[in-house]
Amino acid sequence: MKFGILVNEGPYTHQASDTAYHFVKAALDEGHQIYRVFFYHDGVNNGTRLATPPQDDRHIPNRWSELAKEYKLDLVLCVAAAQRRGMVDPDEMKRNQKDAHNIADNFRISGLGQLIEAGIQSDRLITFGD
Amino acid sequence: MLHTINKSPYEKNSFETCMRLAAAESSILLIEDGVYAAIDNTKISELIKENPSNFKFYVLEADLKARGLDKNSLIPNIEIISYKGFVKLTVENEKTQTWL
């Protein structure tokens, strides 16, 4: 079965990003396909590569990046939510004349249409948030 | 239909609202702080025990354990499931409503 995943909560906030991650892992383990993980609202903060959590804590952004690499997942940050929160990829850096970018590996920034498309193309759309 | 609740019933009213509005025979999965709704002998445990709409209740094991709870603290007949069971519920139910 094809799953679309919506993550509306940032990392280290409550627990929604962790729950989404464990759900995605369990779905992959069961042989399901993850069509896309769309990060919206504060969820876009999951895509920073500048986080340095304590060594004995889970590294939430890296964990997403690594899972995406292993399973070729499509991790998308909502562009409008990302702009508001200072999440920047190289294209957005140029477009908005910023001096740096901070997006983690295997994440990309795109529009809300990607969420709608995930809802249409997937058999299930599951929301995780606050 | 599957409903997921991720907030304690003592923090938000999403659990009670879900109980009031969900269609009869729905499945309700308690995750994250939502697992506190599954504890027996509380002011809301009667609501689950009476269960006039014949809901099926589930609770996510990892979140239960993370809060120092186990089946001995729970209302009887609430099924404890793993993440694998969570995935299975979303497959079995065509729609999942996440109460935020």
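**Note on helix H1 of chain A, its partner in chain B, and the chain B sheet**

1. In this predicted model, the buried residues of H1(A) are A:Ala16, A:Ser17, A:Asp18, A:Thr19, A:Ala20, A:Tyr21, A:Phe23, A:Val24 and A:Ala27. These buried residues pack against strand E1 (2-7), strand E2 (33-39), helix H2 (60-71) and E5 of chain A, together with H4 of chain B, and the list of partners therefore takes in elements of chain A as well as a helix of chain B.

2. As to its length, H1(A) has 14 residues and reaches 20 Å from its first C-alpha to its last, which is close to the 20 Å expected at 1.5 Å a residue. Just after H1(A) comes A:Gly31, which takes a positive phi of about 90 degrees.

3. The meeting of H1(A) with chain B deserves a point of its own. The axes of helix H1 (residues 16-29) of chain A and helix H4 (residues 83-92) of chain B come within 9 Å and cross at roughly 80 degrees, which means that H1(A) is roughly perpendicular to H4(B). On the side of H1(A) the contact is made by A:His22, A:Phe23, A:Ala26 and A:Ala27, and on the side of H4(B) by B:Tyr83, B:Lys84, B:Phe86 and B:Val87. Sorted by character, the residues of this helix-to-helix contact are six nonpolar, one polar and one charged. A:Phe23 and A:Ala27, which take part in this contact, are also among the buried residues of H1(A).

4. Taking the two chains as wholes, the contact draws 17 residues from chain A and 12 residues from chain B. On the side of chain A that touches chain B, H1 and strand E5 (124-128) of chain A each supply at least two residues, and the largest share, six residues, comes from H1(A). The residues of that side of chain A divide into seven nonpolar, seven polar and three charged.

5. Turning to chain B, there is an open sheet of five strands in the order E4-E3-E2-E1-E5, with parallel pairing. Strand E4 (79-81) and strand E5 (96-99) of chain B stand at the edges, and because each has a single partner strand, one side of each is left without a neighbour in the sheet. From one strand to the next the twist averages 25 degrees. Within this sheet, strand E1 (residues 2-5) of chain B pairs with E2(B) in the parallel sense over four bridges, and B:Thr4 stands opposite B:Leu29 in E2(B).

6. Two helices of chain B should be read together with that sheet. Helix H1 (residues 14-21) of chain B packs on the sheet, where it touches E1, E2 and E5 of chain B, and its direction makes about 165 degrees with that of E1(B). H4(B), the helix that H1(A) crosses, lies across E1, E2, strand E3 (56-60), E4 and E5 of chain B and runs at about 150 degrees to E2(B).

7. Finally, two backbone angles merit a check by eye. Most residues other than glycine have a negative phi. A:Gln97, in the loop between helix H4 (90-95) and strand E4 (107-110) of chain A, has a positive phi near 50 degrees, and B:Glu32, in the loop between strand E2 (27-30) and helix H2 (45-50) of chain B, likewise has a positive phi near 50 degrees. Are these residues buried or exposed? A:Gln97 is exposed, because 6 other C-beta atoms lie within 10 Å, whereas B:Glu32 counts as buried, because it has 23 C-beta neighbours inside 10 Å.

Notes:
Residues numbered from 1 in each chain as written. Chains lettered and ligands numbered in written order. Predicted model: local features only at pLDDT ≥ 70, side-chain atom pairs only at ≥ 80, totals over all residues. Axes fitted to C-alpha atoms, helices over the stretch in contact; angles between N-to-C directions. Parallel < 35°, antiparallel > 145°, perpendicular 65-115°, else oblique. Contact = placed C-beta atoms within 7 Å. Nonpolar A, V, L, I, M, F, W, Y, C, P; charged D, E, K, R; others polar. Buried ≥ 20, exposed ≤ 12 C-beta atoms within 10 Å, placed from the backbone. Pairing = 2+ DSSP bridges. Expected span 1.5 Å × (residues − 1).
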